[in-house]
Structures are given as C-alpha cells and as structure tokens.
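The following questions and answers concern how terms are assigned in a protein model. Please consult the sequence and the structure shown here.

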Amino acid sequence: MDHGLGLLLSCFFIVFSSLFIFSEAQLAPALFMFGDSLVDVGNNNHLKLSLAKADFPHNGVDFPGKKPTGRFCNGKNAADFLAEKLGLPSAPPYLSLISKSNLSNASFVAGVSFASGGAGIFDGTDALYKQSLPLKKQVDYYATVYERLVQQLGSAGAQEHLSKSVFAVVIGSNDILGYYGSDSSTRNKTTPQQFVDSMAATLKEQLKRMYNLGARKFAMVGVGAVGCCPSQRNKNSTEECSEEANYWSVKYNERLKSLLQELISELKGMSYSYFDTYSVMLNLIQKPAAYGFKEVKAACCGLGNLNADFPCLPISTYCSNRKDHVFWDLYHPTEAAASIVVQNIFNGTQEYTFPMNLRQLVAA
C-alpha cells in the first residue's frame, strides 16, 4: 500500500473512532433546562430590569476563564454538571441565543436553558427581583423552540428527538422562601398546606404542557433544605435552620412525588426520575466532613453575619477555601456542593432517587 494512502486511512480511522466514542458518551440528544437561579446559566443577564443577576464579581471566580457568566456560583452550577453527565455541552441560555440572532438562525437541537434567577412556579414569585422568567413563561419559550425543531427535523423527527431528550426541572425554592418572607396578611389568606398544594397543581399544569410539546423524560429535582441556607439562619439568633421552612419544603416534595405518580398514569410514555435534594443537602450540612466540607452555616461570599446580610457583590469579601464551604452566597451552593448533588441525581440509589436515577432514566 502507498505510504501516503496508509497514513490517510489511519487518520480516517482515528477520527472515525473518536466520533464513535463521543456518540457513545453522549447519553441523550439534548437537555432542556427549566428552573431558577440554582441552574440559571445567564438568562437574567438579558433582563434589563432584573435585580436577580450574577454577571459581576465575585461570581465565576472559579469558572473557566474566571469571569462572571450569570451563574449564581463561584464556578459551574448544577446545570453544567448535569450536561456533563449526559455528554452534552452546557445548555445555552435561551435569551442569549435569540439576542444574538433571530429565532430562525438559532439552533436548539442539543437543548437550551430557560432557567431564570428569581423564578418560581407561580407568576409573581419574583416580585422582590422585579423581573425574571416564571415557569409558565419558560414553557411559553419552549413552545417556540418546539415549533422551530418541527421545522428543522419534521414532526416525526422532532418527536423522536425530544422523546429521548432530558427535560430537567429545578424550581420551587423561591415560592417557599417568598411565602415565608411575606407579611402576615398575605400568609393569613393561604395556609401553608393550601400553598404547597397550589404549587403542585400549577406545576402539574406546566408539565402537561411540556408533555404535549414532545417531552417524555423528566428529571424532577425536589426543593432542598431552604431553611438551612445562610439567609434563613441569619434570621435566627441561634443561627439554626428555619424548621418551619424546612417542614413545608418536605411537604411540598411529598406532594410533588404524588403528582408525578399521577402523571405517569395519565400521560402515555412519560417517565421520570425524582431526586430528593432535601435529604442530600441535609447530609452535607449534618455530616460535612464526610463530604470534604468544613463550613455549613456561613456563605463564602457576602457581607455581615454569616456573610448573609448582603449578597455576593463586587464589594463583598469571599473565602479563599471555596471547596470547604457548602454555600457560595446567602442562597446558593458552591460548585463543590453542586457537583455532589448532581453525582447523586445521576448515580444515586433509591434512597435519594425514585423510581430510578437519571442514568437509568436516559437508558430506559
């Protein structure tokens, strides 16, 4: 064989093999992300009136390039780690795609993120932040993406593509924190039980909309131990967790699990993985040394008591030992904590995932 031809064929097989390996590593064709600041990758950067932004230092101090991107974190957040586990690039923020080009030129084939800091299941949860994308608006935007995918892939092709894609939903914390932060006159109108029941009913409506637009595999992330974040500890003279906020987080999660089982019987072909964020976060807080943490009460970045009187701003101080801290700022976990959470979402046992983990969901 001609030496040049042999070299060319060798190169071809190396490239072909690498492409095959990549396709094997890619466990799902796309990731569509819905949620709040725990998984916002920059949508709020494009909301001019929003006060819920993280596009300034010291956010992003450990992110590749060491620049703030709009993630409420020192580095990667849960959305980035989820994408990595699926063998996908991080889903880009929807508003960045449509701001750079018109909708017809944007590509959504590998997925997109609609998550927005301050967002809740209810419209108006973001009153404190002036502007965000509540869940209904996120699903409205997804409906536009669905139409675009039908144009690109055809109706049958889009349905096949979406049926294998992952639809991750990380939302509810702001609704609960908003309820407990509201004045007594507001709370007197709705009991906590009525509130979490209404949260679940509203979420169910939006999940049905997503199903009717091709979604089949749902990664549902429960609300964490919101009463233990530095902002809530800072309200207690003892610096202990808010037991009431935690109690109703658990009650909401129980209602979420039951509505998912209801949907399975109502929607043909739907499958899901529910993740018990609450229990995993409580493990990190109660047994920090087992996970490599030393500080569970104070935020790494902020000002005042527990670094929780003010959020992470350019004038704030921030810790040098980010991997020691569970919390980056007064609400959000560090990159190290987010990584552990996603490890459990993907590979967790039935102690934390029901009825299967994310790895099993994408393989089903």
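**Disulfides, burial and salt bridges**

In this predicted model, Cys 301 and Cys 312 are joined in a disulfide, with sulfur atoms 2.0 Å apart. Local features require pLDDT of at least 70 and side-chain atom pairs count only at pLDDT 80 or more, while totals for chains, interfaces and linings use all residues. Residues are numbered from 1 along each chain as its sequence is written, and side-chain values use heavy atoms, with hydrogens and water left out.

Q: Why is the link of Cys 301 and Cys 312 called a disulfide?
A: A disulfide is a pair of cysteine sulfur atoms within 2.5 Å. The sulfur atoms of Cys 301 and Cys 312 are 2.0 Å apart, so the pair meets this definition. The angle about the S-S bond is 75 degrees, and the link is right-handed. Cys 301 lies in strand β6 and Cys 312 in the loop between β6 and β7, so the bond ties together parts eleven residues apart in sequence. Helices (H or I, at least four residues) and strands (E, at least two) are DSSP runs, numbered from the N terminus.

Q: What makes the disulfide of Cys 300 and Cys 319 left-handed?
A: The torsion about its S-S bond is about -110 degrees, so the disulfide of Cys 300 and Cys 319 is left-handed. The sulfur atoms of Cys 300 and Cys 319 are 2.1 Å apart.

Q: Why are Cys 300 and Cys 319 called buried?
A: Buried means under 20% relative accessible area, exposed over 50%, and partly exposed in between (1.4 Å probe, protein chains only). Cys 300 has 2% relative accessibility and therefore counts as buried. Cys 319, at 11%, also counts as buried.

Q: Why does Cys 73 form no bond with the closest cysteine sulfur?
A: The closest cysteine sulfur, in Cys 300, is 9.9 Å from that of Cys 73, which is too far for a bond. Cys 73 counts as buried, with 2% relative accessibility.

Q: What keeps Cys 229 from a bond with Cys 228?
A: The sulfur of Cys 229 lies 8.1 Å from that of Cys 228, too far for a bond. Cys 228 instead forms a disulfide with Cys 241, their sulfur atoms 2.1 Å apart. The torsion about that S-S bond is about 110 degrees, so the disulfide of Cys 228 and Cys 241 is right-handed.

Q: How do you know that Asp 140 and Arg 209 form a salt bridge?
A: A salt bridge is a side-chain nitrogen of Lys or Arg within 4 Å of a carboxyl oxygen of Asp or Glu. The closest N and O atoms of Asp 140 and Arg 209 are 2.7 Å apart, so the pair satisfies the definition. Asp 140 lies in helix α4 and Arg 209 in helix α8, so the salt bridge ties together parts 69 residues apart in sequence.

Q: Why is Asp 140 buried, exposed or partly exposed?
A: Asp 140 has 24% relative accessibility and therefore counts as partly exposed. Arg 209, also at 24%, counts as partly exposed.

Q: What makes Glu 254 and Lys 251 a salt bridge?
A: Their closest N and O atoms are 3.7 Å apart, so the pair falls within the limit for a salt bridge. Both residues lie in helix α10, three residues apart, about one turn of the helix. Glu 254 counts as partly exposed at 39% relative accessibility, and Lys 251 is partly exposed at 25%.
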